Amino acid sequence: MERILEAKNIWKSFQKDGKNKIEVLKGVSLEVFRGEFFCLMGPSGVGKTTLLHILGTLDKPDKGSVRYFLDGKEIETQNKSNDELAKLRNQKIGFVFQFHHLLPEFTALENVALPLIIAGEKEKVALAKAKELLTTVGFEQRFENKPAELSGGEQQRVAFARALINRPKIVFADEPTGNLDSKNTEQILDLISRLRKEFSITFVVATHSSKVASAAERIARMKDGVIFEISTNEV
């Protein structure tokens, strides 16, 4: 299997109340392979979100390294400037969060098109691509609705479409089903499966849900800032 991401010996701490230092990650190492559904699993407070942010270059570790293998190139993220990392995220990485972070004043279509417009694409082209992508995620009827007019599951579908608009190689999702009922959770998992096959996208998902984890190919179980087990699912 071909690697797309490698993290080695990741340490991360935060100051609490400006005094006590809390070690959140304690020497975490992992590999993610191209096209797989990789799951970080554990209860709240074990470091899943912090690790996800570091893997996605939204944050930097205190120690350790994160490397990407993209388009035949090896990218050492710790050697990159903030501008270079922002460019990498914009071109190669997608993000979906538990709270979808859709902009309330914009329609579903505009929310999805916005990253392309920010990247310099013409508005007409960006909206056309957004419409195509929303149709792909099964959202062809409500392009002009604003987030407040959509259900939680619908909002999350829009968030997935937005994450895919720049055709990323890898998508990081932090508790993407955390606010959804079982039916909508099933639909999001089906969507992840379909998007992986259709676009060859790698998904790294942080979750506390055994249902979500059971759909992944590999599960890294976390506790107290470390990965204590990586197992493989027969999916």
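The mean positions of the 35 positive and 32 negative charges of the chain lie 2 Å apart. The model is a predicted one. Its secondary structure amounts to 7 helices and 10 strands. The points below go from the whole chain to one helix and then to single residues.

**Overall dimensions**
- The chain has a radius of gyration of 18 Å, which agrees with the value near 18 Å for a compact globule of 235 residues.
- Along the principal axes, the C-alpha trace spans about 45 × 45 × 40 Å.

**Surface and contacts**
- The accessible surface of the chain is about 11800 Å².
- Carbon and sulfur atoms account for 48% of that surface.
- Of the 235 residues, 47% count as buried.
- Taking contacts between residues at least 6 apart in sequence, 68% join residues at least 24 apart.

**Helix H5**
- Helix H5 covers residues 152–164, which makes 13 residues.
- From the first C-alpha of H5 to its last the distance is 19 Å, close to the 18 Å expected at 1.5 Å a residue.
- H5 is mostly covered, with 11 of its 13 residues buried.
- The buried residues of H5 include the charged-type side chains Arg 157 and Arg 162.
- Also buried in H5 are Gly 153, Gln 155, Gln 156, Val 158, Ala 159, Phe 160, Ala 161, Ala 163 and Leu 164.
- An α-helix has 3.6 residues a turn, so residues three or four places apart point the same way.
- Helices that help cover the buried residues of H5 include H3 (108–118), H4 (123–136) and H6 (182–199).
- Strands S6 (93–97), S7 (170–174) and S8 (202–207) are also part of that cover.

**Phe 14 and Thr 50**
- Phe 14 is a residue of strand S1, which runs over residues 3–16.
- The relative accessible area of Phe 14 is 36%, so this residue is partly exposed, the range for that class being from 20% to 50%.
- Beyond its neighbours within four places in sequence, Phe 14 is in contact with Asn 20, Lys 21, Ile 22, Val 24, Thr 50 and Asp 59.
- Leu 25 is 11 residues from Phe 14 along the chain, and the C-alpha atoms of the two are separated by 9.9 Å.
- Thr 50 sits in helix H1, residues 48–55.
- Thr 50 counts as buried because its relative accessibility is 15%, and the class requires a value under 20%.
- Leaving out residues up to four places away in sequence, Thr 50 touches Lys 12, Phe 14, Val 24 and Leu 25.
- The contact between Phe 14 and Thr 50 links a residue of S1 with a residue of H1, and it appears among the contacts of Phe 14.

**Positive phi in loops**
- Most residues other than glycine have a negative phi.
- Thr 57, which is not a glycine, has a positive phi near 65°.
- Thr 57 belongs to the loop between H1 and strand S4 (63–70).
- With a relative accessible area of 5%, Thr 57 is buried.
- Ser 200 is likewise not a glycine, and its phi is positive at about 55°.
- The loop between H6 and S8 holds Ser 200.
- Ser 200 counts as exposed because its relative accessibility is 51%, and the cut-off for that class is over 50%.

Technical notes: Residues are numbered from 1 along each chain as its sequence is written. This is a predicted model: local features need pLDDT of at least 70, side-chain atom pairs count only at pLDDT 80 or more; totals for chains, interfaces and linings use all residues. Side-chain values use heavy atoms; hydrogens and water are left out. Helices (H or I, at least four residues) and strands (E, at least two) are DSSP runs, numbered from the N terminus. The radius of gyration is taken over C-alpha atoms; the globule rule is 2.2 Å times the number of residues to the power 0.38. Buried means under 20% relative accessible area, exposed over 50%, partly exposed in between (1.4 Å probe, protein chains only). Contact means heavy atoms within 4.5 Å. Accessible areas come from the Shrake-Rupley method with a 1.4 Å probe; for residues, only the protein chains shown count as cover. The place of a charge is taken as NZ of Lys, CZ of Arg, CG of Asp or CD of Glu. The expected span of a helix is 1.5 Å times one less than its number of residues.
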